[in-house]
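Work through the exercises below with the sequence and the structure in view. Try each task before reading its solution.

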Amino acid sequence: MTGGYEAVRARGVAAFVHETGRDTYWRALAEQRASYVGPDGLARSELLEVVTCAACSSGDARAAFRKDGFSYVRCFGCGSIYISPQLRDEQLDAYWADSPVAALWLDVLVAPAQLEFDRAKYHDALERLERRRGGPGSLLDVGCSLGVFLDVARARGWEVAGVEPGATARARAEAKFGLSVHADLREVGERRFDVVTFWEVVEHVKRPVELLEAARAVLASGGVVLTLVGGNVHSLANRVMRAASAAFDFSRLWYFSPSSYATLLGRAGLAQVDFSSVLAEIDTTVNFLRYDDPYDPVFSEPVLPPDLLSLLERTVLEGDLGYKFLSVARDAEGPKP
Ligand SMILES: [Zn+2]
């Protein structure tokens, strides 16, 4: 993922936020968030339900911090952070399917700066997969949105299929990339895939174990599940910035650590075979350390010497302290890929 990320850093965080339309998207997102909050500043109880940890199923947790009216708690069982109480299914379904802000996100995804960033990220991941299996194969992307990843994979020789519940995104995937995308994983039928991918999907769904079990069920013999998970709870940036990190938001329900994600995979019958954390996210962290807006900084005085920043960046990436992580897992009972 380095290529795209370095290009973003060279332009600066604020420029990337503006060029991709994230600023417009974030303003709409703030309105959406406010619609869940009552006059007391808390998310309205009738929209919410108390949940237990998706990774380890423990209900034993303590308050970590509050953001935008929602409570983030830390699990005593596995160290994950999650929102509880969190929005109910009806609220989340409506948000993903019908909200103007979800449609705005699709515009972000096709902004040239975003496409450049994402394509570099996808090429890196596909290269890894191709090295692992000795070339392209069949691939199913679940939560494929507009289909940018499928388009990249197809061009590299993969036989691709996608699942996307959002009707607008499906229509745009067809119009922009000529992709025919399923609305539901069950529509895949008897087809089996060498690779099933989730790009920042698992941590947004109510029942991640069920979703990963469904992915396992459509794996071909020796197949793997690749997930990019946002909101690494061990991330240095998230640990420092906590509520000020954009990672924490109402629609990302679960914040796994490298080890709690392995626990989650295990409960779905999957065993992790490869793991790496990505995006050091040092620049936003340093902005925060200047008492500045991490994503729209106005101050620029040095906070730490450059050699210490480079060391920090290396330590973060080598120590699984990156902002997100990429995991590859196989069927725990199947043959080793
Ligand atoms: Zn847990």
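A residue is buried if 20 or more other C-beta atoms lie within 10 Å of its own, exposed if 12 or fewer, and partly exposed in between, with C-beta atoms placed from the backbone. The model is predicted: local features need pLDDT of at least 70, side-chain atom pairs count only at pLDDT 80 or more, and totals for chains, interfaces and linings use all residues. Residues are numbered from 1 along each chain as its sequence is written.

**Exercise 1. The whole chain**

Task: Describe the protein chain by its secondary structure, its radius of gyration and its share of buried residues.

Solution:
1. Helices (H or I, at least four residues) and strands (E, at least two) are DSSP runs, numbered from the N terminus. The protein chain has 13 helices and 12 strands.
2. The radius of gyration is taken over C-alpha atoms, and the globule rule is 2.2 Å times the number of residues to the power 0.38. For 337 residues the rule gives 20 Å; the protein chain has 19 Å, close to that value, so it is as compact as a globular protein of that length.
3. Of the 337 residues in the protein chain, 41% are buried.

**Exercise 2. One helix**

Task: Find which residues of helix α11 are buried, and what covers them.

Solution:
1. Helix α11 spans residues 258–267, and its buried residues are Pro-258, Ser-260, Tyr-261, Leu-264 and Leu-265.
2. Seen down the axis of α11, these residues fall within an arc of 165°, so they line one face of the helix. The arc is that of the directions from the helix axis to the C-beta atoms.
3. An α-helix has 3.6 residues a turn, so residues three or four places apart point the same way.
4. The cover over the buried residues of α11 includes α9 (208–217), β9 (219–230), β11 (270–278) and β12 (324–331).
5. Just after α11, Gly-269 has a positive phi of about 80°.

**Exercise 3. Strand β12 and Asp-331**

Task: Is Asp-331 buried or exposed, and which residues does Asp-331 touch?

Solution:
1. Asp-331 lies in strand β12. In this strand 8 of the 8 residues are buried, so β12 is largely enclosed by the rest of the structure.
2. Asp-331 is buried, because 22 other C-beta atoms lie within 10 Å.
3. Two strands pair if DSSP finds at least two bridges between them. β12 runs antiparallel to β9, with 7 bridges, and antiparallel to β11, with 8 bridges.
4. Leu-226 stands opposite Val-328 in β12, and Leu-270 has Asp-331 as its bridge partner.
5. Two residues are in contact if their C-beta atoms, placed from the backbone, lie within 7 Å. Not counting residues up to four places away in sequence, Asp-331 touches Arg-216, Leu-219, Gly-269 and Leu-270.

**Exercise 4. Tyr-82 and the core**

Task: Place Tyr-82 in the largest nonpolar core and in its strand pairing.

Solution:
1. A nonpolar core is a set of buried Ala, Val, Leu, Ile, Met, Phe, Trp, Tyr and Cys residues joined through C-beta atoms within 7 Å. The largest one has 81 residues, and Tyr-82, Val-196 and Val-225 have the most contacts inside it. The largest share of this core, 6 residues, comes from β9.
2. Strand β4 (residues 81–83) pairs with β10 in the antiparallel sense over 2 bridges, and Tyr-82 has Trp-254 in β10 as its bridge partner.
3. The open sheet of 4 strands has the order β2-β3-β4-β10, with β2 (61–67) and β10 (254–255) as edge strands that each pair on one side only.
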